[in-house]
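Trainee: I would like to go through this model and test each label against its definition.
Mentor: Good. Bring your questions.

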Amino acid sequence: MESFKQQVEEAAAFVRARLSIKPLIGLILGTGLGDLVTDMENARQLPYSAIPHYPTSTVQSHAGRLACGIWAGKPVIAMQGRIHLYEGYTAQQVSFPIRVLAALGIPTLIISNAAGGLNPHYSPGDLMLIADHINLTGQNPLIGPNVDQWGLRFPDMTQPYSRQLQALALETAVNERIKLHRGVYAGVLGPSLETAAETRFLRTIGADAVGMSTIMEVITAVHAGLDVLGISAITNVNLPDAYQPATIEQVIATAQQAGRDLMPLLERTIEQL
Ligand code: HPA
């Protein structure tokens with residue numbers, strides 16, 4: 001059996017051989033945001049199913065391909081669709097695409113997701129810059145033998161989201177007149193949504209938004225030494241004392257609406273990198 005590292009290297013070699021440019025920025029597009037990058041120049045598209053060992057998404061709202069081309073004047077590789085722990089994948093499998101991007105040599109990873117708002121000042125359709133996160137999944141992509149060539153056994157987590165990239169995104173949002181909150185993302189396993197009591201708990205421990213993705217990817221990226229920028233599209237706001245059900249249709253529709261602000265924000269931010 002091939003090791004995980006060998007599988008990553010094989011997948012990265014496969015992808016590298018099919019790209020006409022060397023990407024510098026990785027972009028993960030979350031629920032309802034996968035079509036964000038439709039205007040990429042000279043895009044090469046690779047379905048995940050064609051890439052050796054690559055886990056494929058089972059969620060309908062996620063397209064499932066890599067698109068690589070020039071966007072915002074920069075060589076970008078975008079993951080249109082991601083995989084989640086709740087699909088039954090292990091934390092290590094969820095980290096696989098990030099390892100492949102890291103093996104391609106990208107220094108910067110930009111992650112977007114759809115998230116439920118917990119901060120009462122947030123509204124559906126708002127954007128939140130992720131300042132920090134709380135890992136409540138009970139999982140970690142680094143469990144198992146450490147690959148020393150990739151990173152440290154006990155990676156530092158004092159600053160998982162790059163200060164410089166956060167400052168650039170906030171400044172860009174001001175210049176573009178796009179509302180951008182800054183808050184803490186709590187990552188849960190899902191797929192069931194939170195109870196009212198869990199929502200109250202999450203708010204109490206300091207979370208501003210909650211979602212079912214991102215954390216495994218960020219831990220992997222930090223371990224690999226990448227600079228990370230994370231932005232959540234707030235699709236619903238969960239207030240424990242006035243809690244309303246959120247449907248997946250509503251989440252996707254609101255994420256697409258937030259995407260109309262997220263796209264120019266990402267484009268202008270990437271232009272300045
Ligand atoms: N909870 C968890 N994940 C989510 C939510 C939510 O309310 N909305 C979008 N993703």
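Trainee: How much area does the chain expose, and what share of it do carbon and sulfur atoms supply?
Mentor: About 11,900 Å², with carbon and sulfur atoms supplying 51%. Areas come from the Shrake-Rupley method with a 1.4 Å probe. This is a predicted model: local features need pLDDT of at least 70, side-chain atom pairs count only at pLDDT 80 or more, and totals for chains, interfaces and linings use all residues. Residues are numbered from 1 along each chain as its sequence is written, and side-chain values use heavy atoms, leaving out hydrogens and water.

Trainee: What makes the chain as compact as a globular protein of its length?
Mentor: Its secondary structure comes to six helices and nine strands. The radius of gyration is 17 Å, close to the 19 Å from the globule rule for 273 residues, so the label holds. That radius is taken over C-alpha atoms; the rule is 2.2 Å times the number of residues to the power 0.38.

Trainee: What percentage of the 273 residues count as buried?
Mentor: 55%. Buried means under 20% relative accessible area (1.4 Å probe, protein chains only).

Trainee: What span does helix α1 reach, against what is expected?
Mentor: Residues 4-17 reach 20 Å from first C-alpha to last, close to the expected 20 Å. The expected span is 1.5 Å times one less than the number of residues, and α1 has 14.

Trainee: Which residues of α1 are buried?
Mentor: F4, Q7, V8, A11, A12 and V15. They cover an arc of only 130 degrees around the axis, so they lie on the same side of α1. Their cover includes β2 (41-47), β3 (65-71), β4 (74-80) and α2 (91-103).

How values were computed. Helices (H or I, at least four residues) and strands (E, at least two) are DSSP runs, numbered from the N terminus. Buried means under 20% relative accessible area, exposed over 50%, partly exposed in between (1.4 Å probe, protein chains only). The arc is that of the directions from the helix axis to the C-beta atoms. Contact means heavy atoms within 4.5 Å.
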